Amino acid sequence: MTVDAAGNLHGLYPGTDGADRRLLIGSHLDTVPDAGAYDGILGVMLAVSLVESLKGRRLPFALEIIGFSEEEGVRFGVPFIGSRALVGRLDEELLSRRDSNSVSVREAIQSYGLKPTEIPAANLQEGVLGYLEFHIEQGPVLEHRDLPLGVVEAIAGQTRMDLVFTGVASHAGTTPMALRRDALVAAAEWALAVEKDARAVPGLVATVGVLEAKPGATNVIAGECRATLDVRHESDATRTQAVNAFLRNATEIANRRDISVASSTKLTQPATQMDTFLVREIDAAVSQAGIKSHRMVSGAGHDAMILAEKVASAMIFLRSPGGISHNPKESVLVEDVAKAIECGLHLLNHLASSPEFQTRAHRA
């Protein structure tokens, strides 16, 4: 095992011919506070289990297992630090980011005994044929369909925004209902409209996760209310159209209620398509394992979306009982893990006999 300068763990299982061609398999080692035991780390352990299941048999390409050091973005407010290093996007701005204790990413790397100056050496080298990631679904779809595994064909694009509705704070007892300029009620009306409109667009999810009223007193009409917006869809065009519609609706509500609204964009992440060849091969492997293949879109971000910038990438989801994730009650079924390993072995056999796969190389 080796550790690169971004803290990613690497393990290499050599192929038959000694060449540097290799398939990357992995996921992330970190998780969120008060989380469960499977988000991320299950994908790393499944990669190890696949190698063990080969029982010494060599493939015509090597397997490189990767445990990414930081995917969730909890400490420094930016996700995918580990996988960004592999595609050359761990830049000076990101290294200068600081946590709540004013420790920078660079300083954290140094305190771990690593050298930030060596991060460029973590970049993907020649010979990478692709990247495969197993991950719990983190949602209820597979359980609803009574399926142990799902084939990810795309990772949804995402827009995150803040909106601030500004009215007039005034006395709750002396201001007649018809004369109020209540920012909280405007934001609440808008939140309900977002839910209603999102339901009308197939595949779209939109969430108003925060309504923060000021001054926040029982007997004061809210003069200001901050609202967050999170919009996701596999089509960037559909997502953009929805965001624009939500903003127009916010403006209409604000104008009608004689208040103002301002918006700011915090994140725009484009959708990522998984590699069509690998998706087809996974479809076949899932079917060979005796499972009905179900293609799906991941609404959450994953290291695969970062690796996909340079490498043919694909994902396999495992059922999440109860749809629970980022929670101590997060779990998996033992029989689903067994099916994931079986599917993975079928996939490796398919790729080992595929001339098309073995002549691939990552995009420099």
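**Exercise 1. Which residues is Gln 358 in contact with, leaving aside its neighbours within four places in sequence?**

Solution. Start with the contacts: Gln 358 touches Arg 21, Pro 60, Phe 61, Leu 129, Leu 351, Ala 352 and Ser 353, once neighbours within four places in sequence are set aside. Bear in mind as you work that this is a predicted model. Next, place the residue: Gln 358 belongs to helix H11, which covers residues 355-358. Then check its accessibility: a relative accessible area of 14% falls under the 20% cut-off, so Gln 358 is buried. Finally, take one long-range pair: Val 128 and Gln 358 are separated by 230 residues in sequence, yet their C-alpha atoms are 9.6 Å apart.

**Exercise 2. Work out whether strand E3 is enclosed or not, and find its partners.**

Solution. Begin with burial. E3 spans residues 22-28, and seven of its seven residues are buried, so the strand is largely enclosed by the rest of the structure.

Now look to the partners:

- Strand E4 (residues 62-68) pairs with E3 in the parallel sense, over seven bridges. Within this pairing, Ile 66 of E4 is opposite Gly 26.
- Strand E5 (residues 128-136) also runs parallel to E3, joined to it by four bridges. Here Leu 24 has Tyr 131 as its bridge partner.

The last step is the connection. Helix H1 (residues 41-53) joins with E3 and E4 in a β-α-β unit, and this unit is right-handed.

**Exercise 3. Describe the largest cavity: how much space lies in it, and which residues line it?**

Solution. First, the count: one cavity of 30 Å³ or more is found in the structure. Its space comes to about 40 Å³. Second, the lining: Leu 23, Leu 132, Leu 278, Ile 282, Ala 314, Leu 347 and Leu 351 surround the largest cavity. Third, the chemistry: seven of these lining residues are nonpolar, with no polar and no charged ones. Fourth, the elements: helices H8 (276-288) and H10 (334-352) each contribute at least two residues to the lining. You have met Leu 351 before, as one of the contacts of Gln 358.

**Exercise 4. Is His 350 buried or exposed, and what does it touch?**

Solution. Locate the residue first: His 350 sits in helix H10. Its relative accessible area is 19%, and because the limit for buried is under 20%, His 350 counts as buried. To finish, list its contacts beyond four places in sequence: Glu 281, Ala 284, Ala 285 and Gln 288.

**Exercise 5. Compare the linings of the largest and second largest pockets by class.**

Solution. Take the largest pocket, with a volume of about 1,000 Å³. Its lining has 42 residues, and those closest to its centre are Gln 158, Arg 232, Gly 299, Ala 300 and Gly 301. Strands E7 (157-166), E9 (205-207), E12 (224-233), E13 (260-269) and E15 (295-298) each give two or more residues to this lining. E15 gives the most, with four residues. By class there are 14 nonpolar, 17 polar and 11 charged residues.

Turn to the second largest pocket, at about 320 Å³. Among its 14 lining residues, Ala 6, Ser 69, Arg 75, Ala 108 and Ile 109 lie nearest the centre. Helix H4 (residues 105-111) provides the largest share, four residues. By class, this lining holds nine nonpolar, three polar and two charged residues.

**Exercise 6. Examine the backbone at Phe 80, Asp 146 and Pro 215.**

Solution. Here is the background: most residues other than glycine have a negative phi, and most peptide bonds are trans.

1. Phe 80 has a positive phi of about 65 degrees. This residue lies in the loop between E4 and helix H2 (81-86), and at 7% relative accessibility it is buried.
2. Asp 146 also has a positive phi, near 55 degrees. Its loop runs between helix H5 (141-144) and strand E6 (149-155). With 60% relative accessibility, Asp 146 is exposed.
3. Pro 215 is joined to Lys 214 by a cis peptide bond, with omega about 5 degrees. Pro 215 is in the loop between strands E10 (211-214) and E11 (220-221).

Notes
Residues numbered from 1 in each chain as written. Predicted model: local features only at pLDDT ≥ 70, side-chain atom pairs only at ≥ 80, totals over all residues. Heavy atoms only, no water. 1 Å grid on protein atoms, 1.4 Å probe; cavity = no way out; pocket = protein on both sides within 12 Å on 5 of 7 lines; lining within 4 Å. Points joined across faces, edges and corners; volume = space filled by probe spheres on them. Nonpolar A, V, L, I, M, F, W, Y, C, P; charged D, E, K, R; others polar. Buried < 20%, exposed > 50% of the residue type's maximum accessible area, 1.4 Å probe, protein only. Contact = heavy atoms within 4.5 Å. Pairing = 2+ DSSP bridges. Right-handed = clockwise from strand over helix to strand, strands pointing away.
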